[in-house]
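Reader: I'm new to this one. Could you show it to me and then take my questions?

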Amino acid sequence: MPPLPPDTNSPAAPKSYTPHLLHKFDSPAELKQLHAHLVKTNASISVLPLPKVASVCSRGRCFPYAQHIFARSDNHDTSVWNSCLRALAEGDHPIDAVSLFYQMRTSGVLPDAFTCSFLLKACVSLLDIANGKILHGVVEKLGFGSNLFLQNMILNLYGLCGEMADAMLLFDKMPQRDVVTWNTVELEEESGLRPNQVTVVSVLAACADLCALDLGKRVHEYSNRSGFKNNVLVCNTLIDMYAKCGSLEEASRVFDEMEGKRTVFSWSAMIVGLAAHGRAQEALSLFSSMLQDGTEPNGVTFVGLLHACAHMGLVDEGRAFFTSMTRDYGITPGIEHYGCMVDLLSRAGLVKEAYEFIMEMPIKPNGIIWGALLGGCRLHKDIKLAEQAIQHLSVLDPLNDGYYIVLSNIYAEAGRWEDVTRVRKLMKARGVKKTSGWSKITLDDGIVHEFVAGDESHPQAEGIFRKWDELVVEMMLRGYVANTSLVLLDIEEEQKVKFIYRHSEKLAVSFGLLNTPAGTTIRIIKNLRVCEDCHSALKLIAAISGREIVVRDRNRFHCFKDGCCSCGDYW
C-alpha cells in the first residue's frame with residue numbers, strides 16, 4: 001500500500017510537544033496534527049506512543065494510517081507489538097489486530113503467549129475460524145501447546161464456530177484441563193455432541209478433583225437425560241464426586257437408588273466419603289451392611305475404614321481392621337494402609353508406638369508416613385521424635401515447606417525461639433519457600449473468589465471486614481475469645497489478635513454471607529489445615545447465621561452446622 005503523507009492541511013500544531021502531551025490525542029485528526037508537527041520539526045516519529053496510535057486508529061477505522069506510522073517508527077520489541085495488538089483486539093474493529101499480526105510476523109519479531117491470546121480474542125470477536133486455525137498452528141509451533149489458557153481460548157473459538165470435530169480433537173489431546181475447559185465443552189443437547197459413559201465419568205472425576213459441585217450437578221442431570229441414570233460406573237463416580245465436593249446428602253441419594261446394583265466400588269466410595277467427613281460410626285455401620293449384603297471388601301474399603309478410625313480416635317477398631325484385612329480377606333497392606341495406621345496412632349497420642357510401628361514396617365516408609373508421625377508430634381508436643389521424623393523427611397521430601405513449618409511451630413510452642421530461627425535459616429539455605437495459605441469460594445455465577453490472610457485487594461474488602469467485625473461482636477456474646485496462642489510469632493498480643501482475625505477462611509465466609517441467599521450452604525476450599533481458632537469461629541458463625549458451612553481443608557471436610565462440626569473437634 002502507498003505511504004500516507006501527514007495531513008498538513010490540519011490546524012496548526014503547537015510549536016513543541018513534551019512527552020506528556022505526546023499522549024494527548026483522542027481522534028485521528030488530532031493524531032495527524034501531531035504527526036505533521038513532528039515532520040515539520042524534523043522530530044522522530046518514534047516518539048509517538050504506538051499503542052495509543054493503534055487504539056485511536058481502530059476507533060476511527062483508519063488503520064492504514066496506523067500502519068504508515070508503524071512502518072516509519074524504529075524497531076519495536078514484542079511487548080510494544082503486544083500493547084498495540086491488545087488495543088486493536090479490544091477496539092471497535094478487531095480485524096485490524098489480525099492485520100497488524102501479519103505485519104508483526106513479516107517484521108521478524110517473534111510472538112509470545114500474550115501475542116497469541118490477544119489475537120485469539122480478536123478471532124473470537126470476529127468468529128474468524130480461518131485465521132483462528134492458522135493461529136492454532138502458530139501456538140503449537142511456538143511451543144505453547146501446554147498453555148492451558150491458550151488451549152481453552154482455541155477450544156472456545158472452535159465451539160463458537162461450530163467446529164465440534166476440531167474442538168473434540170483438541171480436547172482429547174489437551175495434557176491438562178480445568179473447570180473452564182469442561183464448561184467450554186458443555187454437554188448440552190443443542191451442541192450436537194453425544195458423549196458416552198466414559199466421557200461422563202471423565203468429566204465427573206475432574207469435577208471431584210476440582211471440587212466443582214455446580215458443574216458436577218449439571219453433568220449428573222445430563223447423564224440422566226442421556227440414559228446413564230442406572231449405569232453402575234457412572235453412579236459410582238457420582239458418589240465419589242459428590243462426597244469429594246462436600247455433598248454427602250447427594251452422594252447418599254445416588255447410593256440409595258443403586259440398591260441391588262451396588263459393587264464393592266459403590267460401597268467403598270460411600271465409606272471413604274463418610275470417613276472424610278468425620279462420620280466414622282456411619283462408615284463402620286455401612287461396612288457391616290456391606291458384609292451382610294455379601295460384598296467382599298477390597299483395599300480401598302480398608303483405606304476408608306482406617307481413615308474413619310484415625311479421624312475419630314478409634315484406636316482399637318483401627319487395629320482390628322488392619323489385622324482383619326490380611327487375616328480374613330488376604331489383602332496385603334499397601335503404603336496407604338500403613339500411613340493410616342501411623343496417623344491413627346499419632347493423633348491418639350501414641351507417638352512412640354507409631355514410631356515403633358514404622359520401624360517394623362516390611363516396606364520402606366515414605367514422606368507421608370513420616371509426615372503423619374510429625375503431625376502427631378506437633379499435637380502432643382514430642383520434640384525428640386519430631387526431630388527424628390524431620391531427619392527422614394529432609395531426605396525424602398527436602399523441598400516440602402510444610403514439614404519445616406511444623407517443626408518450627410513445635411519449637412515456637414516450646415518457646416525455643418533460637419531453634420525457630422535455625423529452622424527458618426535452614427529453609428532459606430535449602431531454597432524452601434513457605435506456601436501461602438488461601439481459601440476459595442465459588443458463587444452461583446461460576447466465578448471463583450480467592451482470599452489470603454489479611455487480603456485487602458478484593459473489590460468488596462471494606463464490606464467483608466465490616467461483616468467480620470459484626471460477626472466478632474455476635475461471637476463474643478456467645479463466649480468467643482481469640483486463641484492467640486496459635487500465632488507462633490514473637491509479637492505483641494494485640495498484633496496476634498489482628499493477625500488471627502484475618503485468616504483467609506474467615507474472610508471467605510464473610511464474603512459468602514454477603515453474596516449468597518439466606519439459608520444456602522457456604523462451601524470453601526482451604527489449601528492448608530484449618531487452625532483451631534478458625535474452627536471455633538466457624539462453629540459459632542454457623543449457629544449465628546443459621547447456615548451450613550462446609551470447608552474442605554488439606555486433610556478432610558469440616559461440616560459446620562448449629563454450632564457443631566462433623567469432625568467432633570478431633571482432627
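Reader: Which residues of α18 are buried?

Author: A quick word on the ground rules: this is a predicted model, where local features need pLDDT of at least 70, side-chain atom pairs count only at pLDDT 80 or more, and totals for chains, interfaces and linings use all residues. Residues are numbered from 1 along each chain as its sequence is written, and side-chain values use heavy atoms, leaving out hydrogens and water. Now, the buried ones in α18 are Val315, Gly318, Phe321, Phe322, Ser324 and Met325.

Reader: Why is phenylalanine 322 called buried?

Author: Buried means under 20% relative accessible area (exposed is over 50%, partly exposed in between, with a 1.4 Å probe and protein chains only). Phenylalanine 322 has 14%, so it counts as buried.

Reader: What makes phenylalanine 322 and phenylalanine 357 an edge-to-face pair?

Author: Rings of Phe, Tyr and Trp (its six-membered ring) pair if their centres lie within 6.5 Å; planes under 30 degrees apart are stacked, over 60 edge-to-face, the rest tilted. Here the centres are 5.7 Å apart and the planes 70° apart, so both tests are met. Phenylalanine 322 sits in α18 and phenylalanine 357 in helix α20, so the pair ties together parts 35 residues apart in sequence.

Reader: How do you know that lysine 440 lies over the face of tryptophan 438?

Author: The rule asks for NZ of Lys or CZ of Arg within 6 Å of the ring centre and within 35 degrees of the ring normal. Lysine 440 is listed as over that face, at 4.5 Å from the ring centre. Arginine 262 likewise lies over the face of tryptophan 267, at 5.3 Å.

Terms used:
Helices (H or I, at least four residues) and strands (E, at least two) are DSSP runs, numbered from the N terminus.
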